Amino acid sequence: MTESTRPIGQHGNAGELQQQATDGEEVLTTAQGVAIPTNQNSLTAGDRGPTMLSDFVLREKIFRFDHERIPERVVHARGYGAHGTFESSADLSEVTRAHLFGAEGRTVPVFVRFSTVAGSRGSFDLARDVRGFAVKFYTAEGNWDLVGNNIPVFFIQDAMKFPDLVHAVKDEPDRGFPQAQSAHDNFWDFAAHMPESTHMTLWQMSDRAIPRSFRFMEGFGVHTFRLVNADGASTFVKFHWKPVLGMQSVVWNEAVKINGADPDFHRRDLWDAITSGDLPQWDLAMQLFDQDTADELPFDVLDPTKLVPEEAVPVQVVGRLTLDRVVDNDFAETEQVAFCTQNVVPGIDFTDDPLLQGRNFSYLDTQLSRLGSPNFTQLPVNAPRCPVANFARDGHMQTDLPAGPVNYEPNGYPTGHRGPRPDQEASFTSFAEPVTGTTRRLRPESFGDHYSQARVFWISQTEIEQQHIVDAYVFELSKVQREEIRAEMVANLRNVDEDLAAQVADGLGLSLPAASTPFVPVRTDLPASPALSMLRNQPQTFAGRKLGIVLTDGSDAAVLAALRDQVEAAHGTVEIVAPKVGGVTLDDGSRQPADQLLKGAPSVLYDAVALLPSADGARELARDPAAKDFVNDAFNHFKFIGVGSNASPVFAAAGLGDDLDQGCPTVATPEDVSAFVDGLAALRFWERPIAG
Ligand code: HDD
């Protein structure tokens, strides 16, 4: 164990004196290791007298507490991390000299942190927002950080605009709200005046921004990076993470309610999946292309507001990420992990994407503000798992002990005492790119098309997805108070698609404004890209999803057993919801504990639900607002609902008596169960004729 990975309490040498409490637990000590009888009562003079200044136990405890917080991240403050392993499944040595990709079956430990962007650390998980997907690979050649999002493009083309973007999307500076929401004037004012953000706002208004959980979303490196092989030849690469369980999102009304019912919905989901052994997995995939292909594409691959369609350059899987260990300590690991886009290893390099170039400065810089010292690289979660040797020294919180007199180079000390020497073979060498031109502060013309790919995204969506995008624009722009912003946004959307703009204008009760003038003509000849639609690529499996079953005293034990067996066989999970969390007595006399209290577990927490009350239980539920909300929400959120033999009164009381459709099959007997469970693989019954 290295010095920096010792658990607290094991620093130093206790020598002969091994202190142990009588019950075998560790002995309670001060931070100096001095055993103390209690840290629950201050030292006072007399019975009710003043507290003594000499009470170092009190002072130390309060002092430590007073300094527990550090600044939260300026963006992506709310995040959740986990450990895992990456295993390569391809030999990519022809295109990269990165050891990690040098052969099939190479494994490296990783740390992943998922996040929302705009909200503060204590905000809620289901904000309509981009999700961060940051992966630190602890490779044999040093740390590689792939700091991506769940959306493959970005709002802006130049890092210079990042402070403006973030100021605009965060809470408004005078009033300090809204929290974790883009639905306000400043964000849409910025977006309306920033046509390059139009493509990204389409993604942000799509269901991608309200994922069902981290486990069901894609990730993207966003920028075009380079792979560089042993001969120094470069290949462009776009990185993708593909969830093995397939993509899934919630609907907006569901997101709003989840935030109230369980603001930690995403982190709890990740924790539960990992701790129950249902390990989340993503395939790492690459789009590899050369300069000629880049030149043929109808946009500039250095422009981070553009993607490379999967139909134009295939996505090939090169390995798999498995998250297999939750953190031991949220602060020490998830909060202190420091991702830096500049962290690359030999064989992986940057391009001249101006957003990426700016990021390479920003991430290193921000860690100083957050973590307080350049020695943040020594924290266990950040420390490389390979040797580190250089002449950097000292600084706040130095925990390394670099021995010897040499802290400079060149030096004339004898071999073996000179300190670390470069190894040209092993070294990272920047791609040798010819650079010409005069300095300028001007956006290249090749970055001028702001709408054509936004249009491709729009026409690639199913009707349901398009409707959700329209609804999201209408919702967000309805929260804007300066009405001209609505018209300015719709004026931009007219360049994407007339139908989209007309629907948004109609939803806002706005007469259609004149289209804004695009910088270059919009390309209407670009084909749709079916890969961009979530629904067209639905996984058709209930694996990793959760069925909530409502029971009462007298519920049918045989149907319950069949449901549980078959959902688990489909690799889903079951949670029992009952009027009392102590559980119910089933019709065979057995006792069934509940996982959740009905009043505390609305149906938004489940992917599908079943109601199996007894006849008496159903009469009770029909009077219970929580039960009525449960079925109403499940119905309105297009969920599959298993209807037990006695459940009709609950649906009648909820006003759904005549509405039950094919998404609400009867599960009256164990024989009914397999059709119901098979049907769950469709995830939602979108055919239900309700406005979503
Ligand atoms: Fe960033 C955090 C992703 C543009 C500056 N960013 C941060 C995180 C993710 C991203 C996932 C959270 C990392 C973690 O979990 O600790 N950011 C992106 C993506 C971008 C992007 C995919 C565009 C392609 N970011 C971007 C720009 C800048 C920054 C252009 C600045 C010029 N980002 C930061 C930051 C953060 C950050 C201020 C806050 C905390 C941190 O870095 O460590 O430096």
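In which helix is the place of F162? In this predicted model, F162 belongs to helix α2, which spans residues 162-169.

## Annotated binding site

According to an unreviewed UniProt entry, the annotation "binding site" covers R73, R113, F162, R359, Y363 and R370. The second largest pocket includes R73, R113, F162, R359, Y363 and R370 in its lining.

Within this set, F162 has a relative accessible area of 27% and is therefore partly exposed, since the buried class requires a value under 20%. Leaving aside neighbours within four places in sequence, F162 makes contact with V75, F154 and I156.

R359 is located in helix α9, residues 354-371. Its relative accessibility is 14%, so R359 counts as buried. Apart from residues up to four places away in sequence, R359 touches V147, A159, H223 and T341.

## Annotated active site

The feature "active site" is placed by UniProt, again in an unreviewed entry, at H76 and N149. These positions are spread over 74 residues of sequence, yet they cluster in space, with a largest C-alpha distance of 10.5 Å. Both H76 and N149 take part in the lining of the second largest pocket, the pocket whose lining also takes in R73, R113, F162, R359, Y363 and R370 from the "binding site" annotation.

H76 sits in the loop that lies between α1 (56-66) and β1 (79-88). With a relative accessibility of 19%, H76 counts as buried, because the limit for that class is under 20%. When neighbours within four places in sequence are left aside, the contacts of H76 are R113, S115, T116, V117, G132 and N149. One of these partners, R113, is also covered by the "binding site" annotation from UniProt.

N149 is part of strand β4, which comprises residues 142-149. At 7% relative accessibility, N149 is likewise classed as buried. Not counting residues up to four places away in sequence, N149 touches H76, V130, R131, G132, F133, F154, E218, G219, F220 and V222. The list of N149 thus includes H76 and G132; G132 is also among the contacts of H76. F154, a further partner of N149, is in contact with F162 as well.

## Helix α9 beyond R359

Helix α9 also contains S369. The relative accessible area of S369 is 54%, so this residue is exposed, whereas R359 in helix α9 is buried at 14%.

The C-alpha atom of S369 is separated from that of T293 by 41 Å, and the two residues are 76 apart along the chain.

## Packing of α10 and α11

Helix α10 (residues 452-459) and helix α11 (residues 463-478) have axes that come within 9 Å and cross at roughly 125°. This angle falls outside both the roughly perpendicular range of 65 to 115 degrees and the roughly antiparallel range of over 145; α10 and α11 are therefore oblique to each other.

On the α10 side, the contact is made by F457, W458 and I459, and on the α11 side by Q466, I469 and V470. The residues of this contact divide into 5 nonpolar, 1 polar and no charged.

Methods: Residues numbered from 1 in each chain as written. Predicted model: local features only at pLDDT ≥ 70, side-chain atom pairs only at ≥ 80, totals over all residues. Heavy atoms only, no water. Axes fitted to C-alpha atoms, helices over the stretch in contact; angles between N-to-C directions. Helix = DSSP H or I, 4+ residues; strand = E, 2+ residues; numbered from the N terminus. Parallel < 35°, antiparallel > 145°, perpendicular 65-115°, else oblique. Contact = heavy atoms within 4.5 Å. Nonpolar A, V, L, I, M, F, W, Y, C, P; charged D, E, K, R; others polar. UniProt positions renumbered as here; feature names shortened; annotations may be inferred. 1 Å grid on protein atoms, 1.4 Å probe; cavity = no way out; pocket = protein on both sides within 12 Å on 5 of 7 lines; lining within 4 Å. Buried < 20%, exposed > 50% of the residue type's maximum accessible area, 1.4 Å probe, protein only.
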